[in-house]
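The following account is intended for a reader meeting this structure for the first time. It may be read with the sequence and the three-dimensional view at hand.

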Amino acid sequence: MSKKENQSITYIYDEMDPSEKLEFERDLENDNNLLIEVETFRKISERLFELKAVQPPEELYEAVLNKAFMMRQKQKPYQSGRYMFAAAALVIIGLTSGLFLMNSNEAGTENETGSAMLGTPEIVVNSPVAVPGLMDYATTVSSGAPLHTETSRIEPWVDENDVINFYDRFRTTNNASLDSMFHHSFQKLTPVTDPSQSISIQRHLHLTGGRR
Amino acid sequence: MRLTNNDHIPQNYEKMEDRELVHLFRKKDDQLAFRELMNRHQAKVYSYIFSMIQNREIANDIFQETFTKVITKMDDTYNEQGKWIAWVMRIAHNATIDHIRKQKRFVDVTSSYDDESKTDFYERLPDEDSIGQHEKLELDESTSSLLKHIGNLPEEQRTVVMLRHYYEMPFKEIAELTNVSINTALGRMRYALINLRKMFDEEHEKEQSNL
């Protein structure tokens, strides 16, 4: 069935676009056979519109409503039970994934520490006894032995003698050494003799940290 | 809560749109909302089933089956985006077509010669005037005559005619409901009108000859 042949149906049932309708009406003026077909279809369809709705019997209407509502009531406990199961499942999944995440974090920390050890089988320990509080941060080291940090995470660093240090640079410096550094830094400064040259001198003045 | 016919449906329900009533029923289990929905659409749904089956008892069963499914599946399968009644009509249509197909299968199985009744399949076919006598009495003459002709149309054509005329469903929706292209739906309507015209002409000729 071509689209063209179906146009008479869409026309009589008023389901045509306005532009399509205009074009079809132009065709109707020029084609008598098409006009007869459309008029015949229109008459039959008008007769069909005389069809009256058939009402369901009153008792059926009531029976349907009552049966349907009873079935819905039966469904209710099942549905609420279903929601309970869904909520319980959600809680269990949440708890399980929480535990899993916690475990994986712990495992990750251990792995990180372990991997740091793997790359350096021979480790020289620099733990100056003179530094108070150092033992809190320093690490017990022996080849291949596990590394345990007591308090916080320490970034290893290498000093000028290529020795790996496992304590915080800043914390290991006691007050006395800090004072000495401070004192020496002032000694590097020279007094200004000619104030007129101060600007140019200031321009070249660089304050740098002293060596430990 | 059991509702009776005396239950009064508040006026504001009558002003509500289908989707609002559906929402009330789904979320608050408001049975008056469902009753209002049924009041609005039951005649069209029943007419469609009855015109397709043309038997009161079977139509009653299918109507009941349809609304039982509607009420039990509303929470799971109906999404509030589409028209509620289009969804109901789909259920009614599927139930009706299922019944017709079962009947056809039954007829195929028993189409051989029956030794007991000494009749063959064609003799056991129901009368052409398939609407029962008591159904005829309930319907007015023109409706029962029209239904008789519509009942003689092939199932596919009958479906399109009934959905368009009883339910005023656009052809696009009919095509979706019956899983065919819009062109096929329009073609079925065209053939249905051609066939009905022949039937009306024959009927007219019969009436003329009887005079």
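Chain B of this predicted model has an accessible surface of about 11500 Å², and 46% of that area belongs to carbon and sulfur atoms. Of the 211 residues in chain B, 48% count as buried. The chain contains 11 helices and zero strands. Among its contacts between residues at least 6 apart in sequence, 59% join residues at least 24 apart.

Chain A may be described in the corresponding terms. It exposes about 15900 Å², of which carbon and sulfur atoms supply 58%. Of the 212 residues of chain A, 24% count as buried. Eight helices and two strands make up its elements, and from the N terminus on they run α-α-α-α-α-β-β-α-α-α. For contacts in chain A between residues at least 6 apart in sequence, the share that joins residues at least 24 apart is 42%.

The account now returns to chain B and to one pair of its helices. Two packed helices are described by the angle between their axes and the distance between the axes. Helix α9 of chain B covers residues 155-165 and helix α11 of chain B covers residues 182-210; they pack at an angle of about 95°, with their axes 8 Å apart. Because angles of 65 to 115 degrees count as roughly perpendicular, α9(B) and α11(B) are described as roughly perpendicular to each other. On the side of α9(B), the contact is made by B:Glu156, B:Gln157, B:Val160, B:Val161 and B:His165, while α11(B) contributes B:Ala185, B:Arg188, B:Met189, B:Tyr191, B:Ala192 and B:Asn195. By character, the residues of this contact divide into six nonpolar, three polar and two charged.

Helix α11(B) can also be considered by itself. At 1.5 Å a residue, its 29 residues should span 42 Å, and the end C-alpha atoms are indeed 42 Å apart, so the two values agree. The buried residues of α11(B) include B:Ala185, B:Met189 and B:Ala192, which also take part in the contact with α9(B). Among the other buried residues of this helix are B:Leu186, B:Gly187, B:Arg190, B:Phe200 and B:Glu203.

Ahead of α9 in chain B, the loop between α8 (141-151) and α9 holds B:Pro154. This proline is partly exposed, with a relative accessible area of 37%. B:Pro154 and B:Tyr191 lie 37 residues apart along the chain, and their C-alpha atoms are separated by 9.9 Å. B:Tyr191 is one of the residues through which α11(B) meets α9(B).

Conventions
Residues numbered from 1 in each chain as written. Chains lettered and ligands numbered in written order. Predicted model: local features only at pLDDT ≥ 70, side-chain atom pairs only at ≥ 80, totals over all residues. Heavy atoms only, no water. Helix = DSSP H or I, 4+ residues; strand = E, 2+ residues; numbered from the N terminus. Buried < 20%, exposed > 50% of the residue type's maximum accessible area, 1.4 Å probe, protein only. Contact = heavy atoms within 4.5 Å. Areas by Shrake-Rupley, 256 points an atom, 1.4 Å probe, with all protein chains shown as cover. Axes fitted to C-alpha atoms, helices over the stretch in contact; angles between N-to-C directions. Parallel < 35°, antiparallel > 145°, perpendicular 65-115°, else oblique. Nonpolar A, V, L, I, M, F, W, Y, C, P; charged D, E, K, R; others polar. Expected span 1.5 Å × (residues − 1).
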